[in-house]
Amino acid sequence: MHFSYHEPIEFLVTMKFVAQFEHMKAFAREIHFTLDDEMIRMAETANASMSNYVKAEIAALFGDNMFKERLDYVMVMLFVEERDKLNSSEDFLAFYRDKPASELVFHLAAAKYNDENMEWTKGRDWGAISKDAELLYELASGCELPDQAEHAALLEHIRFSEEYKQRTLFIMEQFHRYAYMPMRGRLKELGEAGAVKYRALFDEQPESAIRDITKMDVDLVDKETAVHVSYFSQVRVGIHRDDREGHSHLVVIGINNDAFAWRNEDQETIERFLKVIADRRRLELIELLRHKNYYGNELAQEMGLTPAAISYHTNMLFDLNLIQLIRVDNRIYYELDKEKIAYYWEQTRRKLLP
């Protein structure tokens, strides 16, 4: 695992979390995690640096939910495509500027239908759809999203794809110039310091660090893996396995994942555990994983939830180390740590009945 700072990734992460800052604060409260004061100041300064028009555009194109993918999904898909050639935020913006508008709205449609766990391509080749605006519009028209207003907006973006491209490019450029550039040097400094910290942690105890900090089974690190340490992610984990020859896997971890993963099981942690199991959907998820391992879309279908909702609930379990990711036959599965569940039950019993 190679720990380093990748500026294009931090630009994407920073824009996403500043756009969805209120939701990020709510999520932090729910998992009882305190965001860095400096990060809060950065996000507030970034928001204050942009006009109300730009902030309204960002809100419209990103949405207000960290677990519902919109423009952030489009940006990530493009970055993953050519990440080895993109070394700066300017590189990414230039790459986005050169992309055909039809390809951008294709990724947007894929994100929205993925959120709803809907089959919409009718077996057509994704590559062909991404290059054919008329075919994309026809397929999207024939597969209505549950939210009629959202579906109408998607069709509008597809129909006027060049306008969508110019709108999204405009807010990226505005965010880059007025919000990102003033904190660029500091984010690099913090990210590089985080990379040094994690490199030492993983060298000292690699297997436990992989399990507890990245929430992965050790076997998933089966070839060169690039690890970006993100300041704005704070306590999140993102994993992109790249099976192309000559390309490394990519993992993004928050700068405070280690403190969150290894903090003591105190009263607050027990309260978090009780809150996790108090939700019937998370109890159902635990019950399913108790019997066998599931991959993401399989869980979504079994529980009748969207992949985004599954992501939300599994993150709650990840944060207590109740589940981890494992690979079986080139597919990534969620695995329940039954011993950890038993441990929390015992800690709960001791707190309630000393």
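## Helix H4: the exposed side

In this predicted model, Asn-52 and Tyr-53 of helix H4 are exposed. They lie on the other side of H4 from its buried residues.

## Helix H4: the buried side

H4 runs over residues 52-62. Which of its residues are buried? They are Val-54, Glu-57, Ile-58, Leu-61 and Phe-62. Look down the helix axis, and these buried residues fall within an arc of 110°, so they line one face of the helix.

What does this face pack against? The buried residues of H4 meet four helices: H1 (7-19), H5 (71-81), H10 (148-159) and H11 (161-204). Just after H4 comes Gly-63. Gly-63 takes a positive phi of about 80°.

## A closer look at Ile-58

Ile-58 belongs to helix H4. Is Ile-58 buried or exposed? Its relative accessible area is 5%. The cut-off for buried is under 20%, so Ile-58 counts as buried.

Which residues touch Ile-58, once neighbours within four places in sequence are set aside? The contacts are Ala-19, Met-50, Gly-63, Ile-171 and Phe-175. Gly-63, the residue with the positive phi, is thus named here again as a contact of Ile-58.

Now take Phe-79. Ile-58 and Phe-79 are 21 residues apart in sequence. In space, they are 19 Å apart, C-alpha to C-alpha.

## The whole chain

Step back from H4. The secondary structure of the chain comes to 18 helices and six strands. Along its principal axes, the C-alpha trace spans about 65 × 45 × 45 Å.

How does the radius of gyration fit a compact globule? With 354 residues, such a globule would have a value near 20 Å. The chain has 21 Å, which agrees. Contacts between distant parts of the sequence also count here. Take the contacts with a separation of 6 or more: residues 24 or more positions apart account for 70% of them.

## Inside, surface and charge

How much of the chain is buried? Of its 354 residues, 52% count as buried. The chain exposes about 16,600 Å². Carbon and sulfur atoms supply 48% of that area.

The chain carries 45 positive and 62 negative charges. How far apart are their mean positions? The two mean positions are 2 Å apart.

How values were computed: Residues numbered from 1 in each chain as written. Predicted model: local features only at pLDDT ≥ 70, side-chain atom pairs only at ≥ 80, totals over all residues. Heavy atoms only, no water. Helix = DSSP H or I, 4+ residues; strand = E, 2+ residues; numbered from the N terminus. Rg over C-alpha atoms; globule rule 2.2 N^0.38 Å. Buried < 20%, exposed > 50% of the residue type's maximum accessible area, 1.4 Å probe, protein only. Contact = heavy atoms within 4.5 Å. Areas by Shrake-Rupley, 256 points an atom, 1.4 Å probe, with all protein chains shown as cover. Lys, Arg positive; Asp, Glu negative; His and termini not counted. Charge placed at Lys NZ, Arg CZ, Asp CG, Glu CD. Arc of directions from axis to C-beta.
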